[in-house]
Amino acid sequence: MGSDNIRPFGLDIHNPVFVISSLVIIAFVLLALMFQEASAEFFGWLRPTLTSQFDWFLVISVDIMLLFCLVLIVLPVGSVRIGGKDAKPDYSYAGWIAMMFAAGIGIGLLFFGVLEPVYYQFSEGGNASPLGIDQSLPGNEYVGVVGTIHHWGLAGWCVYAVVGLTLAIFAYNKGLPMTLRSAFYPILGERIWGWWGHTIDILAVFATLFGLTTSLGLGAQQIAAGLNEVFGLEQTPALTVFLIIGITIVALGSVLMGMDKGVKRLSEINMVMAVALFLFVLFVTGVGTAIARYGSVMVDYVQLLPALSNPFGREDTSFFHGWTTFYWAWWIAWSPFVGMFIARISKGRTVREFILCALIAPTLVCALWMSTFGGAAIDMLNTGGAEGVKATVIDSYKPEGALFGLLKELPLYGIVAPIALILIVIFFVTSSDSGSLVIDTITAGGKMDAPVVQRIFWCTLEGLVAIALLLGGGLAALQGAAVSTGIPFTIVVLLMCYTVYQALKTEPR
């Protein structure tokens, strides 16, 4: 661990990985800011090209990862304990799951919870419908919710589970550094300490940073939309940039507080506020209706999962290329970040416990959130209400305003909307702080106690990349960057399925 590190100016950095990663990313920021029009044109071309050409590869890869996770639950190796037979958990269930959710979900629930179900259900004249299902037929009233659950359910969380479990086993059970190269010891042996390992870690840094900045950019846009709705501030690029800078400064404060006082405390606050917002929407829109809807869409989700997971012969190109393949690349781009983070906090858990809590539980909760928020918006639109949602999702595509369009239809908007804004900010801060922690660990050769100034550097750079992407192409640039790094990293995650199974077979149960 840290065998190739250099220590200039009191730092403790892995020479090739830190230097190459940081220089390339800084160069990217400068070029994107200098050539904003060219950047916008390039990223506008990049995302649809990649998602249409690599659709089969991404979908088949995620299918393999999901089957692998489900098999691990029932195999004897499921009883292997992370950290060894006598290892004890460092965190309570509540703290562990709260941190896992805050890191893994980020701003996604708040940004897409209303937007996505409504878009599939009503936009593009029905052409965005999952599998081309006719939503006007009885029983298909919530097919848009089912499509959303597919993107936020088992198929997404299995990616995090594979990466997190692999890193945890090789770090806590095999004594290797908690960095991506360690997962490839069964294949590469001692070569992981050379350029093979350097390349894997550099790719992980790129995937993590660009996957994370996509969420940070979305979050900043949503906060700007909320400020416009609540306080009447004009939603301009300058305001979005200012928000990224301001919230990055707040994230730096969390970095200085450390894991337990910073990320853990913010994650728990986040969880309480998210649950409070969910319960408010649940009770105001009708508990009985929400429970019945949830049961119905979960049955449909299970029934449609094989068809939704099939990459061949698809005619629902708007849904499949515009959303599904982008989502899989985005989840994979996030996987080094979330995987390493949940690996760090999962010592003492069994493999079976880890998979269930990192795969099944988040799927059920995400489905409940999407069903409640998105389903309520669909019900309102079907009865001629929710003008704010209609204006931002259907009439003109301004996705950052969808949540506030729904909240406008509910009581106590003047109280609830600011709370939602604060919740988005805390998600933003938690993601930035957690991401900088993970990237710093990778670029410090696996060291978890590197000087805090290095995390400050990466936290700052994340904010700069988000700004550069927003100014150099907006949402298309954010998504294009995530896809371009997620696709090559897919190969890394697939190989992890093999290496972690080889490692688990040698562990005592």
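## Close-up views of a predicted model

**View 1. A386 sits in the loop between α13 (351-382) and α14 (387-395).** This is a predicted model, and that holds for every view below. Look at the backbone here: the phi of A386 is near 55°, a positive value in a residue other than glycine. What makes that worth a glance? Most residues other than glycine have a negative phi. Is A386 buried or exposed? A386 counts as buried because its relative accessibility is 0%, and buried means under 20%.

**View 2. L412 is another residue with a positive phi, and it is not a glycine.** The phi angle of L412 is about 60°. You will find L412 in the loop between α15 (402-407) and α16 (413-443). Is L412 buried or exposed? With a relative accessible area of 53%, L412 is exposed, since the cut-off for that word is over 50%. So one of these two loop residues, A386, is buried, while L412 is exposed.

**View 3. I26, L30, L31, M34 and F35 make a nonpolar patch on the surface.** The patch covers about 490 Å². One of its members, F35, is found in the loop between α1 (15-34) and α2 (36-53). F35 is partly exposed, and its relative accessible area is 45%. A reminder to keep in mind while looking at this view: in soluble globular proteins, nonpolar side chains tend to be buried together.

**View 4. The largest nonpolar core of the model has 182 residues.** Which residues have the most contacts inside this core? They are L165, I355 and L407. Helix α12 (residues 317-344) gives the most to the core, contributing 17 residues. Zoom in on I355 and leave aside residues up to four places away in sequence: I355 then touches C69, L72, I73, A161, L165 and I360. Notice that L165, another of the residues with the most contacts in the core, is among these partners of I355.

**View 5. I360, a partner of I355, has its place in helix α13.** Counting no residues up to four places away in sequence, I360 touches L154 and I355. I360 is partly exposed, with a relative accessible area of 28%. For a sense of scale, try the pair I360 and V159: they are 201 residues apart in sequence, yet their C-alpha atoms are 13 Å apart in space.

**View 6. S22 lies in helix α1 and makes a contact with the backbone of F18.** A polar atom of the S22 side chain lies 2.7 Å from the backbone oxygen of F18. S22 is buried, at a relative accessible area of 6%. Which residues does S22 touch when those up to four places away in sequence are not counted? The answer is F457 and W458.

**View 7. L50 in helix α2 meets residues from far along the sequence, including V483, S484 and I487.** D55 is also in contact with L50, once neighbours within four places in sequence are left aside. The C-alpha atoms of L50 and G480 are 8.4 Å apart in space, although the two residues are 430 apart in sequence. L50 is buried, with a relative accessible area of 15%.

**View 8. K174 and E507 join their side chains in a salt bridge.** The N to O distance is 2.8 Å. K174 lies in the loop between α7 (154-173) and α8 (185-188) and E507 in the segment after α18 (474-505), so this pair ties together parts that are 333 residues apart in sequence. K174 is partly exposed, at 31% relative accessible area, whereas E507 is buried, at 11%. How many salt bridges does a search of the whole structure find? It finds seven.

**View 9. D201 and R181 form a salt bridge, their closest N and O atoms being 2.7 Å apart.** D201 lies in helix α9 (residues 195-231) and R181 in the loop between α7 and α8, so the bridge ties together parts that are 20 residues apart in sequence. Both D201 and R181 are buried.

**View 10. The side chains of D316 and R314 also meet in a salt bridge.** Here the N to O distance is 2.9 Å. D316 counts as buried, at 5% relative accessibility. R314 is buried too, with a relative accessible area of 14%. As a general idea behind such views, side chains of opposite charge can pair when their charged atoms come close.

Technical notes:
Residues are numbered from 1 along each chain as its sequence is written. This is a predicted model: local features need pLDDT of at least 70, side-chain atom pairs count only at pLDDT 80 or more; totals for chains, interfaces and linings use all residues. Side-chain values use heavy atoms; hydrogens and water are left out. Patches are made of residues with over 30% relative accessible area and no salt bridge: like charges are joined within 9 Å, nonpolar side chains (Val, Leu, Ile, Met, Phe, Trp, Tyr) within 5 Å. Accessible areas come from the Shrake-Rupley method with a 1.4 Å probe; for residues, only the protein chains shown count as cover. A salt bridge is a side-chain nitrogen of Lys or Arg within 4 Å of a carboxyl oxygen of Asp or Glu. Helices (H or I, at least four residues) and strands (E, at least two) are DSSP runs, numbered from the N terminus. Buried means under 20% relative accessible area, exposed over 50%, partly exposed in between (1.4 Å probe, protein chains only). A nonpolar core is a set of buried Ala, Val, Leu, Ile, Met, Phe, Trp, Tyr and Cys residues joined through side-chain atoms within 4.5 Å. Contact means heavy atoms within 4.5 Å. A polar contact is a pair of N or O atoms within 3.5 Å; within protein, one must be able to donate a hydrogen and the other to accept it, and residues adjacent in sequence count only if both atoms are side-chain atoms.
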